[in-house]
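User: I'd like to learn how to read the nonpolar cores of a protein model. Could you walk me through an example?

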Amino acid sequence: MSQRKPAQKSGKRIRVLVAKPGLDGHDRGALILCRAFRDAGMEVIYTGFLATPEQVAQMAIDEDVDVVAMSLLNGAHMTAFPKVAKLVRDKGGDDVLLVGGGIIPDDDKPRLEKLGITGNYGPGTPLKTIIEHVEKIVQVRDSKPPVAAK
């Protein structure tokens, strides 16, 4: 069996923070994602469950991650995901990419996308689809020229 090439960004492995922002004690899917990202060659940090949006945002900045992959099954995605997004941006994480997943109604997905939260995958999504999405959005981000400071 061949080993998968590590997911890289500019010669470095992609760093992913897997987060359960808020009151959601269902961590099985998040743990499966952690293993899948790791097996795809990414560096993975897991917040554990019951992390506040503030804790998730601070960890994203402190750990210098490329991607925050958020998962919620409790219906609070329209509150918690945008709050994480705002806090990450407020802390200077403009280059941190955000991916959502969990129980997300189709009507909410375009609203999350407008906030920069991509993917928004539901239960049963093939892990390969999520991994390829993360690799693609990092590649797209890293292929853009740097923005000049104002």
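User: How many residues does the largest nonpolar core have, and which of them have the most contacts inside it?

Analyst: Happy to help! The general idea comes first: in soluble globular proteins, nonpolar side chains tend to be buried together. In this model, which is predicted, the largest nonpolar core has 22 residues, and Val68 and Met70 have the most contacts inside it.

User: Which helices and strands each supply at least two residues of this core?

Analyst: Three strands do so, E3 (15-21), E4 (43-51) and E5 (67-72), along with helices H2 (53-62) and H3 (77-90). H3 gives the most, with 6 residues.

User: What does Met70 touch, leaving out residues up to four places away in sequence?

Analyst: Ala19 and Pro21 are on the list, and so are Phe81 and Val84. Further along the sequence, Met70 also touches Leu98, Val99, Gly100, Gly101 and Ile117.

User: What does a second, separate core include?

Analyst: That core has 20 residues, among them Val16, Ala36, Val67 and Ile130.

User: Now the whole chain. What pattern does the protein follow along the sequence?

Analyst: The order is β-β-β-α-β-α-β-α-β-α-β-α, built from 5 helices and 7 strands. For contacts between residues at least 6 apart in sequence, 72% join residues at least 24 apart.

User: And what share of the residues counts as buried?

Analyst: Of the protein's 150 residues, 44% count as buried. On the outside, the protein exposes about 8,600 Å², with carbon and sulfur atoms supplying 54% of that area.

Definitions and conventions:
Residues numbered from 1 in each chain as written. Predicted model: local features only at pLDDT ≥ 70, side-chain atom pairs only at ≥ 80, totals over all residues. Heavy atoms only, no water. Core = buried A, V, L, I, M, F, W, Y, C linked by side-chain atoms within 4.5 Å. Buried < 20%, exposed > 50% of the residue type's maximum accessible area, 1.4 Å probe, protein only. Helix = DSSP H or I, 4+ residues; strand = E, 2+ residues; numbered from the N terminus. Contact = heavy atoms within 4.5 Å. Areas by Shrake-Rupley, 256 points an atom, 1.4 Å probe, with all protein chains shown as cover.
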